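Colleague: I would like to learn how to read a model like this one. Can you take me through the features in turn?

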Amino acid sequence: MGAGGEASAFAPYVWLVVLAIVAYRLIRRLKPRPLRIGRMWITPALILSLVALSFAVQPPPRLAVVLAGLAALAAGAGLGWWRGATTRIEIDPQTRELTSQASAFGMLLILGVIALRIGLRQLAGDNALAWGVTPLEIADVSLLFAAGLVCVQRLEMWLRARRLLAETPSS
């Protein structure tokens with residue numbers, strides 16, 4: 001058996017490990033956690049920097065890829081806003097400390113997005129030549145979707161958390 005056969009023999013176990021890690025992280029997020037709105041910009045800034053760096057080192061994309069990327073960015077932003085809106089944010093009136101708790105529905109959304117991404121990745125990988133796209137173009141579109149989802153989710157939560165702080169009188 002060659003190296004490719006050995007690697008494919010371990011593939012189901014790798015997916016089980018990945019699934020276990022994702023499930024653990026998702027279950028942890030169902031518990032209320034402190035929400036520090038002063039730090040909510042860090043993850044989107046890192047993601048946007050990595051996206052910009054990724055596109056800066058590549059040749060300009062074709063128009064079809066730009067349009068697909070814009071559609072993916074818009075779809076990610078829409079799902080991000082919705083996921084952010086399903087996250088419960090509460091404020092302690094005495095201490096004015098914020099907590100956030102992901103909803104089970106929001107967690108199912110993320111699992112669905114992961115499953116969809118895996119399926120589309122397989123489909124696109126199998127049909128890339130027939131569709132006239134490269135794996136790099138598929139990765140770019142996927143990256144824009146993820147960036148839209150995460151950045152807009154954080155924005156929605158930040159706006160709502162600020163509004164809660166403004167509406168809660170200081171003690």
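Modeller: Start with one residue. At 41% relative accessibility, Arg62 counts as partly exposed. Keep in mind that this is a predicted model.

Colleague: Which residue does the side chain of Arg62 meet in a salt bridge?

Modeller: First the general idea. Side chains of opposite charge can pair when their charged atoms come close. Here the side chain of Arg62 meets that of Glu137, at 2.9 Å from N to O. The pair links distant parts of the chain, 75 residues apart. Arg62 sits in the loop between α2 (42-56) and α3 (63-86), while Glu137 sits in helix α5 (residues 135-167).

Colleague: Is Glu137 buried or exposed?

Modeller: Apply the cut-off: buried means under 20% relative accessible area. Glu137 has 14%, so Glu137 is buried. Its partner Arg62, at 41%, is partly exposed.

Colleague: How many salt bridges does the count come to?

Modeller: The count comes to two. The other pair to look at is Arg160 and Glu156, at 3.0 Å from N to O. Both lie in helix α5, four residues apart, about one turn of the helix.

Colleague: Where do Arg160 and Glu156 stand on burial, buried or exposed?

Modeller: Arg160 is buried, because its relative accessible area is 15%. Glu156 is buried too, with a relative accessible area of 7%.

Colleague: Let us step back to the fold. How many helices and strands does the protein have?

Modeller: The secondary structure comes to five helices and three strands. Their pattern along the sequence is α-β-α-α-β-β-α-α. Now the overall spread. The radius of gyration is 19 Å, well over the 16 Å that the globule rule gives for 171 residues, so the protein is more spread out than a compact globule.

Colleague: What does the C-alpha trace span along its principal axes?

Modeller: It spans about 70 × 40 × 25 Å. Burial adds to the picture: buried residues make up 26% of the 171 residues.

Colleague: What are the C-alpha separations for pairs such as Ala45 and Leu120?

Modeller: Compare sequence with space. Ala45 and Leu120 are 75 residues apart along the chain, and their C-alpha atoms are separated by 27 Å. Ala45 is found in helix α2. At 29% relative accessibility, Ala45 counts as partly exposed. Next, take Pro135 and Gly125. They are 10 residues apart in sequence and 6.9 Å apart in space, C-alpha to C-alpha. Pro135 lies in helix α5. Pro135 is exposed, because its relative accessible area is 63%.

Colleague: On to the surface. Which residues form the nonpolar patch?

Modeller: Look for nonpolar side chains that share a stretch of surface. The members are Val14, Trp15, Val18, Trp82, Phe105, Leu108, Leu111, Ile114 and Ile118. Together they have about 820 Å² of accessible area. Two elements give two or more residues to the patch: α1 and α4 (104-131).

Colleague: Which element gives the most to the nonpolar patch?

Modeller: Helix α4 does, with five residues. Phe105 lies in that helix. Ile114 has its place in α4 as well. At 34% relative accessibility, Ile114 counts as partly exposed. From Ile114 to Phe145 is 31 residues in sequence and 12 Å in space, C-alpha to C-alpha.

Colleague: And charge? Which residues gather in the patch of positive charge?

Modeller: Arg25, Arg28, Lys31 and Arg33 gather there, on the surface. Take Arg25 as the example. Arg25 lies in helix α1 (residues 3-28). Its relative accessibility is 45%, so Arg25 counts as partly exposed.

Colleague: Last, the backbone. What is phi of Arg96 near?

Modeller: The general idea comes first. Most residues other than glycine have a negative phi, and most peptide bonds are trans. Phi of Arg96 is near 60°, a positive value in a residue other than glycine. Now place it on the chain. Arg96 is in the loop between β2 (88-91) and β3 (98-101).

Colleague: Why does Arg96 count as partly exposed?

Modeller: Its relative accessible area is 27%, so Arg96 is partly exposed. The band for that label runs between 20% and 50%.

Key
Residues are numbered from 1 along each chain as its sequence is written. This is a predicted model: local features need pLDDT of at least 70, side-chain atom pairs count only at pLDDT 80 or more; totals for chains, interfaces and linings use all residues. Side-chain values use heavy atoms; hydrogens and water are left out. Patches are made of residues with over 30% relative accessible area and no salt bridge: like charges are joined within 9 Å, nonpolar side chains (Val, Leu, Ile, Met, Phe, Trp, Tyr) within 5 Å. Accessible areas come from the Shrake-Rupley method with a 1.4 Å probe; for residues, only the protein chains shown count as cover. A salt bridge is a side-chain nitrogen of Lys or Arg within 4 Å of a carboxyl oxygen of Asp or Glu. Lys and Arg count as positive and Asp and Glu as negative; His and the chain ends are not counted. The place of a charge is taken as NZ of Lys, CZ of Arg, CG of Asp or CD of Glu. Buried means under 20% relative accessible area, exposed over 50%, partly exposed in between (1.4 Å probe, protein chains only). The radius of gyration is taken over C-alpha atoms; the globule rule is 2.2 Å times the number of residues to the power 0.38.
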